[in-house]
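Please look over the sequence and fold below before reading on, with an eye to how the interior is packed and how the helices meet.

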Amino acid sequence: MTAIERSRTVAVIGAGTMGQGIAQVALLAGHRVLLHDIDPAFAEAGAELVRDRVERMAAKGRLDRAEAEEAIGRIGAAGTLADLAGAALVIEAVVEDVTVKRTLFAALEAVIAPEAVLATNTSSLSVTELAAGLRHPGRFLGLHFFNPAPLLPLVEVVSGHATDPDVVESVHGTVLGWGKTPVRCSDTPGFIVNRIARPFYAEAFAVYEERGADPATIDAVLRESGGFRMGPFQLTDLIGQDVNEAVTRSVWDSFFRSPKFTPSLAQRRLVQSGRLGRKSGQGWFPYGEDVRLPEPHTAGPEEAPDKVTVVGDLGPAAALADLIEEAGIAVTATGHGGPYIQLPGEGQLVLADGKTSVEFTDVVYFDLALDYRGATRIALSASEDVSERTLAEAVGLFQKLGKKVSVIGDVPGMIVARTVAMLIDLTADAVARGVADAEDIDTAMTLGVNYPLGPSAWHALLGPDWAYDLLHNLDERCPGGRYAPSLALFRLGYAAGGDDEGEDTA
């Protein structure tokens, strides 16, 4: 099947914000669009709002006036399902309820042509379950737009168990022609984005629950060291704690309560207390006209050491050697042992590896950074046994490199490192299970949730063994299955000639 022709009608059922957005996308791509809702007046109002948006686009010069007028004339409201009989594609965007959706699609089958495509915009329900009972389940698939649909480029094209591959290709081509970026995935809980993104929230919440750091500090480290656009505490306050937790619980339940997706008790308490984020005036942070967000913990000034020794290959942190030299600190390098940075007071700086500072003598861990040169903040982790001199030298060293320093508790894997390792692991597992290919997952995570890199790109940057070794160490220290590296991640490292056991680094 080829892409649906622009001359064919697209119908959208559900005239709310999402339905209006999808209708606008199809309309501006050149289709005639019919908007339907259980309340005909709501459908009429929705169509009028779309016309108003198109008119405003023309007034602002973002759309040619003639093109806008033509588009305005192509959208209308359908009073009954029977009015949708000529549609080539029907996209449903109604309430997230299995019974409501299945009843709707059964009724649609009675009026639309046998070759017409049926699509659901569900973000959390099973496409396979929604298609159950249809006479022609092969023409049914998921078409998950992100809100606001006219602005966000990503669309997940989801195949149910019975979806015809030709239908997937036709709809994929159609969405691509609409100027969107479609990614293919199978019918799995959370699809791509809501499945793979769970560790971004879960690991931050876990560090907080382990009393490793406060929310403002964790957010700052993920932004300023990890390169993420927004920290998970601020982001979930924006999304709504009830909404974010509901997605987490849905994915967890759908995976038969796998420890990989266990929800946060701290977030549960927020929801139970009614602290839902911005919309309630209080979430992880307070909100209001005169309220300022809490500041992250930032260490006071310390004197930098005048020399260090780089022992072994620092791997993902190799750029630090050049940065230290450029800062005027003498660097001696030795290829034997390590990897770590030897400080003058005999303490060591070690890249987060899933172990804890308390296991060693005078070891300070430092967190992963997307780009050590560009990072503006670095987190350090130290046990209570670390000497004052070693911690001061570690803080002073990174301050000399122009970084703000946040000292957190002795948390294995720290903040950025454990988050990225879990993202890599879930992606490797999803690819191995045929959920989506690595390229589509990277595209989904960079476009759908603005990650600085897709998980597979992180994996390539950090090396085949890095995530496996860190999670292996974390799993030993936090048993229960959450951090047990997947077989898929092991195979990727083994295929690259890696080792399945992490080596001691301190």
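What follows moves from the nonpolar interior to one helix pair and then to a single helix.

This is a predicted model, in which local features need pLDDT of at least 70 and side-chain atom pairs count only at pLDDT 80 or more, while totals for chains, interfaces and linings use all residues. Residues are numbered from 1 along each chain as its sequence is written, and side-chain values use heavy atoms, with hydrogens and water left out.

The largest nonpolar core (buried Ala, Val, Leu, Ile, Met, Phe, Trp, Tyr and Cys residues joined through side-chain atoms within 4.5 Å; buried means under 20% relative accessible area with a 1.4 Å probe, protein chains only) has 120 residues, and Leu-349, Phe-366 and Trp-466 are among those with the most contacts inside it. Helix 15 (residues 416–432; helices are DSSP runs of H or I of at least four residues, and strands are E runs of at least two) contributes the most to this core, with 10 residues. A second, separate core of 39 residues includes Ala-23, Ala-47, Ala-149 and Val-168.

Helix 8 (residues 198–209) and helix 11 (residues 241–254) pack at about 105 degrees, their axes, which are lines fitted to C-alpha atoms over the stretch in contact, lying 11 Å apart; the pair is therefore roughly perpendicular, a term for angles of 65 to 115 degrees. Arg-198, Tyr-201 and Phe-205 of helix 8 meet Asn-244, Val-247, Thr-248 and Val-251 of helix 11, contact meaning heavy atoms within 4.5 Å.

In helix 6, Val-168 is buried, as are His-172 and Val-175, among others, and what covers the buried residues of this helix includes strand 5 (117–120) and strand 8 (181–186).

Terms used. Buried means under 20% relative accessible area, exposed over 50%, partly exposed in between (1.4 Å probe, protein chains only). Axes are lines fitted to C-alpha atoms, for helices over the stretch in contact, and angles run from 0 to 180 degrees between N-to-C directions. Angles under 35 degrees count as roughly parallel, over 145 as roughly antiparallel, 65 to 115 as roughly perpendicular and the rest as oblique.
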